[in-house]
Amino acid sequence: MTMMTSSNNPVLTLRSSSLDRIKLCAGYASLSQRGSTENVNTKTGTLVHAYLEKCINAGKVLNADEADWESDSKKILGEDPEPEDAYVNAVSFANWFFKEYSSISQANNYSKVGKELEVYCEQEMSLDFPGLNAKLSGHCDVVIVYPDSVTVVDWKYYRSLDWLPPVEENSQLQAYAVMAAKKFGKKRAKVCIASVRHCETFWDTFSPQKLLIVESKINNIIEEAAKNYGKYTVGPHCDSCFASRSCPEYLDHSAFLAKGFQWWDGSAPKNNEEALYLLRAQKAAEVRIDSAKAAITQYVEDEGLIIDYSSRKKYSKGKWSKKEIYKGKKGKTLTLLKDYLGKDCAKEAISVTLSGIKRAIKASTFPEELYRDLLEKLEEEGLVEEKSFNSVRWRKL
């Protein structure tokens, strides 16, 4: 979603994933270069995508060692701590998906049933719009090419299904269908949104006539984006927009809204309009606070610290550590848990994390002191590692 320029021929380049937002705000197309939109949630999604790609290529569900999960986690997340449920969610979904859609998920073995197909993971595709001097590109997680059709599968790691546009209205998936049909010379297509956290899939099919219709709709979206490049539309959709904090219109709007707290006396709103205004003012205030935090963090990066002489404290960078079970050794850990806690209690710690084990012991009849002994045993067996993370916080001078 970038504006690429040459001396004579500027080209508007858009990502398929941006189409639904561009329908609401044409200016979204101009925001991609104004700061990173990545956070620990998007990075975790990338980690899960990498795991599922390896499973598809292998034609089976891979364990942590086979998928090199720990190495990928360090490479993708960097210093961000890995969410405890990421690996469990990925494996649970892979097991479910392979069972429900064996013809797709085990595509490498599909030739055994006499079908010819081609499978592509992390496939980059594009469409040119020379009349608009624009280009649309898309990064498809899985593309399966059959003799007479093509199927595109898109993994989603969203926490809530409410975040997913209905598949039949999803412009990103419609663009994938058009691009895949054109690239592989097929007249029919299917698309699938596969929700990893919820083990659900949502499908839509495209006849030759429907492909022409959605291609026309996509053309209209891109035409609107080209005509209104840099024109922003502020609204409820801004709340879930990763680029909103780089949007000059939204920042001006949030500064105005945040002043809504000046009239609020702490009591409950009297009507829906007051409640709605206060709700949006709260979000706007959060944006301003987060912006202030980022500015303060940048100051500490540049100057080293902030000193408060009155409280004899400094706000500075430092490190904190956390003990975790090695990702590739959770199977061995679970076996040890069964020996110590019994099968039923071990099941309660199915995430196989230290916090999960502690919760399981608390909820059981075992004494809480058992956790300390168990942790010591896990460390003796080489199943626990200590990770360090950077942080910025108040400390004593």
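Start by selecting tyrosine 87: with a relative accessibility of 12%, this residue counts as buried, because the cut-off for buried is under 20%. Keep in mind as you click around that this is a predicted model.

Now add tyrosine 51 to your selection. It makes an edge-to-face aromatic pair with tyrosine 87, the centres 6.5 Å apart and the planes at 65 degrees. Colour the helices and you'll see that the pair links distant parts of the chain: tyrosine 51 belongs to helix H2 (residues 40-58), tyrosine 87 to helix H5 (residues 86-100), and 36 residues separate them. Tyrosine 51 is buried too, at 2% relative accessible area.

Next, pick phenylalanine 93 and phenylalanine 97. Their rings form a stacked pair, 5.5 Å from centre to centre with 25 degrees between the planes. Both sit in helix H5, and because they are 4 residues apart, about one helical turn separates them. Try a surface view here: phenylalanine 93 is buried at 0% relative accessibility, and phenylalanine 97 is buried at 1%.

Leave those two selected and bring in Trp96, Tyr101, Trp155 and Trp203. Ring pairs join these residues with Phe93 and Phe97 into a cluster. If you fancy hunting for others, the count for the model is 13 aromatic pairs.

For the last stop, switch to the surface and select Glu368, Glu369, Asp373, Glu376 and Glu380, which form a negative patch. Zoom in on aspartate 373, found in helix H14 (residues 369-380). How exposed is aspartate 373? Its relative accessible area is 43%, so it counts as partly exposed.

Definitions and conventions:
Residues numbered from 1 in each chain as written. Predicted model: local features only at pLDDT ≥ 70, side-chain atom pairs only at ≥ 80, totals over all residues. Heavy atoms only, no water. Patch = residues over 30% accessible without salt bridge, like charges linked within 9 Å, V, L, I, M, F, W, Y side chains within 5 Å. Areas by Shrake-Rupley, 256 points an atom, 1.4 Å probe, with all protein chains shown as cover. Salt bridge = Lys/Arg side-chain N within 4 Å of Asp/Glu carboxyl O. Lys, Arg positive; Asp, Glu negative; His and termini not counted. Charge placed at Lys NZ, Arg CZ, Asp CG, Glu CD. Helix = DSSP H or I, 4+ residues; strand = E, 2+ residues; numbered from the N terminus. Buried < 20%, exposed > 50% of the residue type's maximum accessible area, 1.4 Å probe, protein only. Phe/Tyr/Trp six-rings, centres within 6.5 Å; stacked < 30°, edge-to-face > 60°.
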